[in-house]
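Me: I've got a protein model open and I'm not sure how to read it. Can we go through some features one by one, starting with how covered a residue is?

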Amino acid sequence: MNLIEKYAPIASSKSIGQYTPPKCFELAGKTFHFVIDTNEECGDAVLNFTGETTVEWAIRGGSEMVEAEYECRKSDDRTYLVTYCTTEGNMRSNHTWVIDLDQELVTFLRCPIGENPYYPYLIDSHFGFGYIKIEGKEHTDRRRHGFTDEVAGTAVKWTYGHELSTVHVYYHPNWYRIGYPKDDIRSKEAEATNTMFNEMMKALPGPDEPAYYVRIKEGMYLVSVTEQNMEKILGEKVGFRSDTLCFLDNWDRMYSVGRGFGTMTSNGEDRPIFVMIGKYGAPVEVDEHFFTDSNPYLV
């Protein structure tokens with residue numbers, strides 16, 4: 001039996017989720033109290049992990065606990081990425097948390113769909129930074145996770161599956177560029193997919209999209225990117241509607257865990273996207289112009 005012939009097509013069908021690591025259930029039964037005192041999402045917050053996949057949460061000082069089904073992955077032994085979907089009024093929303101036990105710190109990312117009255121599928125990102133409140137222990141360290149420019153100047157090829165990879169060029173503290181390499185492709189289907197995405201990019205003024213880079217600790221960054229310009233210009237022609245992806249990148253080990261959230265429009269019908277992602281990094285050479293080209297979306 002040739003296992004490649006049997007299983008490779010099955011693995012490839014998992015797309016961006018193929019290399020996602022197993023679920024982490026370590027937080028089940030634990031309750032975290034957070035003090036979010038920096039940036040937009042300030043206020044007390046609570047995550048009560050009632051089970052291996054269920055959580056009750058409250059944010060911005062609210063007292064009413066809301067139930068959700070969560071996903072959890074680890075980027076190192078003591079740093080967790082927790083994410084779940086919820087509803088804010090009539091808007092779908094995603095909450096993502098980075099729980100850093102080593103420094104007793106937390107990052108909160110809230111991504112609602114529909115805040116922009118001109119682009120109803122557009123997703124915006126709202127951050128909060130704070131610390132883990134521990135009973136009987138005063139948190140005296142004033143340092144927090146926070147936005148950084150340390151990632152700018154980096155280009156890396158991220159591999160999500162045995163036939164799926166992208167090149168990310170982090171050229172600016174608030175922007176990134178993406179490309180779809182043709183090397184390492186072994187099937188006609190994968191080659192066709194990359195060709196399609198590369199042709200799609202030619203219809204845009206540039207592959208630039210807004211990005212946020214948050215320093216979690218030495219060698220670890222939360223990178224959040226959102227396909228806003230693609231949505232504004234191409235809309236449902238692409239199918240993916242302003243999808244937002246955030247990754248907890250571990251540069252010490254050159255791998256990452258993350259999540260994708262948004263909407264897929266196909267044949268006039270919408271379906272929600274919420275997927276967990278794993279990826280592996282490798283050095284890549286890109287033309288210098290990827291770092292120096294002007295941003296076509298800014299004056």
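Reply: Sure! Keep in mind that this is a predicted model. Let's start with M254: its relative accessibility is 24%, so it counts as partly exposed. The cut-off for buried is under 20%, and exposed means over 50%. As for its place, M254 sits in the loop between β15 (240-250) and β16 (255-266).

Me: What is the phi of M254 like, positive or negative?

Reply: Here's the general idea: most residues other than glycine have a negative phi. M254 has a positive one, about 55 degrees, although it is not a glycine. R60 is another case, with a positive phi near 50 degrees, and it isn't a glycine either.

Me: Where does R60 lie, and is R60 buried or partly exposed?

Reply: R60 is in a loop too, the one between β3 (54-58) and β4 (66-76). With 44% relative accessibility, R60 counts as partly exposed.

Me: OK, now a strand. How should I think about its side chains?

Reply: In a regular strand the side chains alternate between the two faces of the sheet. Take β12, residues 175-179, where five of the five residues are buried. On one side you have W175, R177 and G179, on the other Y176 and I178, and all of these are buried, which means both faces of β12 are covered.

Me: Which strands pair with β12?

Reply: Strand β11 (residues 164-172) runs antiparallel to β12, and four bridges join the two. Look for H168, which stands opposite I178 in β12. The link from β11 to β12 is a hairpin through two residues. Then there is β13 (residues 208-217), also antiparallel to β12, with three bridges between them. There, R177 has D208 in β13 as its bridge partner.

Me: How many residues of β8 are buried, and what does β8 pair with?

Reply: Strand β8 covers residues 126-133, and seven of its eight residues are buried, so the strand is mostly covered. Strand β1 (residues 31-39) pairs with β8 in the antiparallel sense over six bridges. One bridge to find is V35 with Y131 in β8. Strand β7 (residues 105-112) pairs with β8 as well, again antiparallel and over six bridges. On that side, F108 has G128 in β8 as its bridge partner.

Me: Now a single residue in a strand. Is T79 buried or exposed?

Reply: T79 has a relative accessible area of 0%; buried means under 20%, so T79 is buried. You'll find T79 in strand β5, residues 79-88.

Me: What does T79 touch, and which side chain makes a polar contact with the side chain of T79?

Reply: When you list contacts, it helps to set aside the sequence neighbours. Leaving out those within four places, T79 is in contact with residues including R73, V98, I99, D100, I216, M220 and L248. The polar contact is with D76, side chain to side chain, at 2.7 Å.

Me: Last one: what makes up the nonpolar patch on the surface?

Reply: M1, L3, Y7 and I10 make a nonpolar surface patch of about 480 Å². Zoom in on I10, which belongs to helix α1, residues 3-12. I10 has a relative accessible area of 44%; that is between the cut-offs of 20% and 50%, so I10 is partly exposed.

Conventions:
Residues are numbered from 1 along each chain as its sequence is written. This is a predicted model: local features need pLDDT of at least 70, side-chain atom pairs count only at pLDDT 80 or more; totals for chains, interfaces and linings use all residues. Side-chain values use heavy atoms; hydrogens and water are left out. Buried means under 20% relative accessible area, exposed over 50%, partly exposed in between (1.4 Å probe, protein chains only). A polar contact is a pair of N or O atoms within 3.5 Å; within protein, one must be able to donate a hydrogen and the other to accept it, and residues adjacent in sequence count only if both atoms are side-chain atoms. Contact means heavy atoms within 4.5 Å. Patches are made of residues with over 30% relative accessible area and no salt bridge: like charges are joined within 9 Å, nonpolar side chains (Val, Leu, Ile, Met, Phe, Trp, Tyr) within 5 Å. Accessible areas come from the Shrake-Rupley method with a 1.4 Å probe; for residues, only the protein chains shown count as cover. A salt bridge is a side-chain nitrogen of Lys or Arg within 4 Å of a carboxyl oxygen of Asp or Glu. Two strands pair if DSSP finds at least two bridges between them.
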